[in-house]
Amino acid sequence: MKFWKHSQRLLMLALFAALVHAPPGFAAGKWPRVGEQVQNFGFTGLDGKQHQLSEFVGHYVLLEFWATWCEPCVNEVPILKKALELYQERGLEILGLDSDRTLETVQEFVAKNQVPWLQSAPDSTEVITKNELKIGWYPTLILLDPQRKILLVSGNGQTPLKPST
């Protein structure tokens, strides 16, 4: 079962390059919904620098809502690293939005595991998940097109890809 879940996520990331329009009905829960535009938001990176989602204009952006205490989140890191390696040249960027309680916990994990993508500091992530995107399940992945339109959502106990029957 664990292998299947990881395979589904890798498949989702592998298919992102072929997506032009995601059909309705893949939305996971009330917020956020496929087809909606994500408004620009600001956040502080782990290094203390201020950033905006708009920095990624022109790129597909995978918003990764995660935490070091979340085993499935931690298990996704190698898969996400591989996806970034395969698709960064085609315009994929990842933004990690960690919900740990301390900045130091996240910084240590990112350094130890050589996580190469930009990370939001926990305080910023808390504001985003409560006020902007209403995330309540970890891990949650949201794939945005280059204009910040939501293409896919996983989370809330659902995945956007289902096994064929």
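How many of the 165 residues of the protein chain count as buried? The share is 47%, where buried means under 20% relative accessible area, exposed means over 50%, and partly exposed lies in between (1.4 Å probe, protein chains only). This is a predicted model, in which local features need pLDDT of at least 70 and side-chain atom pairs count only at pLDDT 80 or more, while totals for chains, interfaces and linings use all residues. Residues are numbered from 1 along each chain as its sequence is written, and side-chain values use heavy atoms, with hydrogens and water left out.

The protein chain has four helices and seven strands. Helices (H or I, at least four residues) and strands (E, at least two) are DSSP runs, numbered from the N terminus. In sequence order the pattern reads α-β-β-β-α-β-α-β-α-β-β. A contact means heavy atoms within 4.5 Å. Of the contacts between residues at least 6 apart in sequence, 70% join residues at least 24 apart. The accessible surface of the chain is about 8,900 Å², and carbon and sulfur atoms account for 55% of that surface. Accessible areas come from the Shrake-Rupley method with a 1.4 Å probe, and for residues only the protein chains shown count as cover.

Helix α2 is a convenient place to start. It covers residues 71-87, 17 residues in total, and spans 25 Å from its first C-alpha to its last, close to the 24 Å expected at 1.5 Å a residue. The expected span is 1.5 Å times one less than the number of residues in the helix. There is a kink of about 35° at valine 77, shortly before proline 78. The bend at a residue is the angle between axes fitted to the seven residues ending there and the seven starting there. The buried residues of α2 are Cys73, Glu76, Val77, Ile79, Leu80, Ala83, Leu84 and Tyr87.

Helix α2 also holds a charged pair. Glutamate 85 forms a salt bridge with lysine 82, with 3.3 Å between the closest N and O atoms. A salt bridge is a side-chain nitrogen of Lys or Arg within 4 Å of a carboxyl oxygen of Asp or Glu, and by this rule the count comes to one. Glutamate 85 and lysine 82 are separated by about one helical turn because they are three residues apart in α2. An α-helix has 3.6 residues a turn, so residues three or four places apart point the same way. Glutamate 85 is exposed, at 58% relative accessible area, whereas lysine 82 is partly exposed, at 39%.

Cysteine 73, also in α2, is buried, with a relative accessible area of 0%. Leaving aside residues up to four places away in sequence, cysteine 73 touches Phe65, Trp66, Ala67, Tyr138 and Pro139. The C-alpha atoms of cysteine 73 and proline 139 are 5.3 Å apart, although 66 residues separate them along the chain.

Proline 139 lies in the loop between α4 and β6. The peptide bond leading to it from tyrosine 138 is cis, with omega near -5°. The C-alpha of proline 139 is also 6.1 Å from that of glycine 155, 16 residues away along the chain. Glycine 155 sits in the segment after β7 and is buried, at 2% relative accessibility.

Tyr138 appears again in the surroundings of threonine 129, which touches Phe65, Lys134, Ile135 and Tyr138 when residues up to four places away in sequence are not counted. Threonine 129 belongs to helix α4 (residues 122-132) and, at 9% relative accessibility, counts as buried.

What is the nearest side chain of opposite charge to aspartate 145? That side chain is lysine 149, 5.8 Å away, and aspartate 145 is buried without a salt bridge. For this purpose Lys and Arg count as positive and Asp and Glu as negative, while His and the chain ends are not counted. Aspartate 145 is in the loop between β6 (140-144) and β7 (150-154). With residues up to four places away in sequence left out, aspartate 145 touches His59, Tyr60 and Leu151.

The loop between β6 and β7 also contains arginine 148, a residue other than glycine with a positive phi, near 70°. Arginine 148 counts as buried, at 19% relative accessibility. Glutamine 114, in the loop between α3 (103-112) and β5 (118-120), has a positive phi of about 50° although it is not a glycine. Glutamine 114 counts as exposed, at 62% relative accessibility.
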